[in-house]
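I opened the model today and kept short notes on chain B. Here is what I looked up, in the order I looked.

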Amino acid sequence: MQFHTHPQPFEIVQAPNRLIILYEASAGVREIFLDGRPLPPLGDPLPTWYGYSVGHWEGDTLVVTTNNFRDDGWLDFNGSPTTDQLVITERFNRISYGRLELDITIDDPGAYTEAFDLRANFRIMPGDSLIEWVCENEASSQYF
Amino acid sequence: MKKHLLPAAFLSLLFFPLQLLAHHNWLAQFDPDRPVIVSGTVVQLQLVNPHARLFVEEELESGEIFTWNFELAAASMLMRQGIRRDTLEPGDIVEIHAAMARNADNIANIEYVVIFDEDGNETFRFGSPRE
């Protein structure tokens, strides 16, 4: 789960019943289903790096829950571990035109004794667009 | 109840992290307690991801030429600062402020670059956010 730990920006594309986040870092794509479907059982579908995300609105807050992560992920670039029991809850709040506030709850009984919260803040980049970002230098890969 | 992060359906917006975040474990690779300042001439700028590279030749007191392999931020991040492939060209005179690598004596991570003209006047400088 390194959704929001990259220095590169991301783009939110909103469509009816789904939200798509395009991460510049590693050209990541994440789909969040807003059509009311439940989270799938663990292990089905096959666990992935970004997991399986569903969301719903609580007032002006978009609440996204994600499960079905791979068992060998990192929470951050310091290598804090995650397991396939990881469930992440994200609360997206657009607190002003230019600011997005994101409250994240990490719940992974396979790696941590209790759930914990953190907050990430973002600013808008008007007029900007994503730039292709592909890891093309193997010399750096040992530090990922 | 607005039920939209964005003004209308099918619109999209970009967001940028306000915290200084890391692309990889920077401290595992570089030592902030070993800063280095290098004056030299540019050999080549490679605008690549995940990190751009800048090769610089420094003339040592012995007269020997020492070639540095500097790491910069990602090409995309530098491009947003206006850096282009021709911003630095072979032969350009630069002063590099960087942090040494832990496992190599010719590799360092750039904090910022100062560019000079032939008369020694500063013409431009840019930073390289740590990733």
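**Notebook: the strands of chain B**

I began with a hairpin: 5 residues link β5(B) to β6(B). Strands here are DSSP runs of E, at least two residues long, and helices are runs of H or I, at least four residues long, both numbered from the N terminus.

I noted the ground rules. This is a predicted model, where local features need pLDDT of at least 70, side-chain atom pairs count only at pLDDT 80 or more, and totals for chains, interfaces and linings use all residues. Residues are numbered from 1 along each chain as its sequence is written, while chains are lettered from A and ligands numbered from 1 in the order in which they are written.

**Entry: pairing around β6(B)**

I counted two strands as paired if DSSP finds at least two bridges between them. Strand β5 (residues 93-101) of chain B runs antiparallel to β6(B), with 8 bridges. On β5(B) I picked B:Val94, and its opposite in β6(B) is B:Ile115.

I then followed β6(B) to strand β7 (residues 122-127) of chain B. These two are antiparallel as well, with 5 bridges. B:Ile115 turned up again, this time opposite B:Phe124 in β7(B). A hairpin with 5 residues between the strands connects β6(B) and β7(B). In its turn, B:Gly120 has a positive phi of about 85°.

Which way do β4 and β6 of chain B run, parallel or antiparallel? They run parallel: 3 bridges join β4 (residues 65-71) to β6 (residues 107-116). I found B:Glu71 partnered with B:Asn109 in β6(B).

**Entry: the whole chain**

I listed 2 helices and 7 strands in chain B. Along the sequence, they read β-α-β-β-β-α-β-β-β.

I checked burial next. A residue is buried if 20 or more other C-beta atoms, placed from the backbone, lie within 10 Å of its own, exposed if 12 or fewer, and partly exposed in between. By that count, 24% of the 131 residues of chain B are buried.

I also looked at contacts, meaning C-beta atoms, placed from the backbone, within 7 Å. For B:Ala52, beyond neighbours within four places in sequence, the partners include B:Leu45, B:Leu72 and B:Leu78.

**Entry: confidence**

I read pLDDT as the predictor's confidence in each residue, from 0 to 100. Chain B has a mean of 86, and 83% of its residues reach 70 or more. Among its elements, β1 (residues 12-17) has the lowest mean, 75, and β3 (residues 53-59) the highest, 97. Where pLDDT is low, the predicted coordinates should not be read in detail. For the model I copied down ipTM 0.71 and pTM 0.81.

Methods. Two residues are in contact if their C-beta atoms, placed from the backbone, lie within 7 Å.
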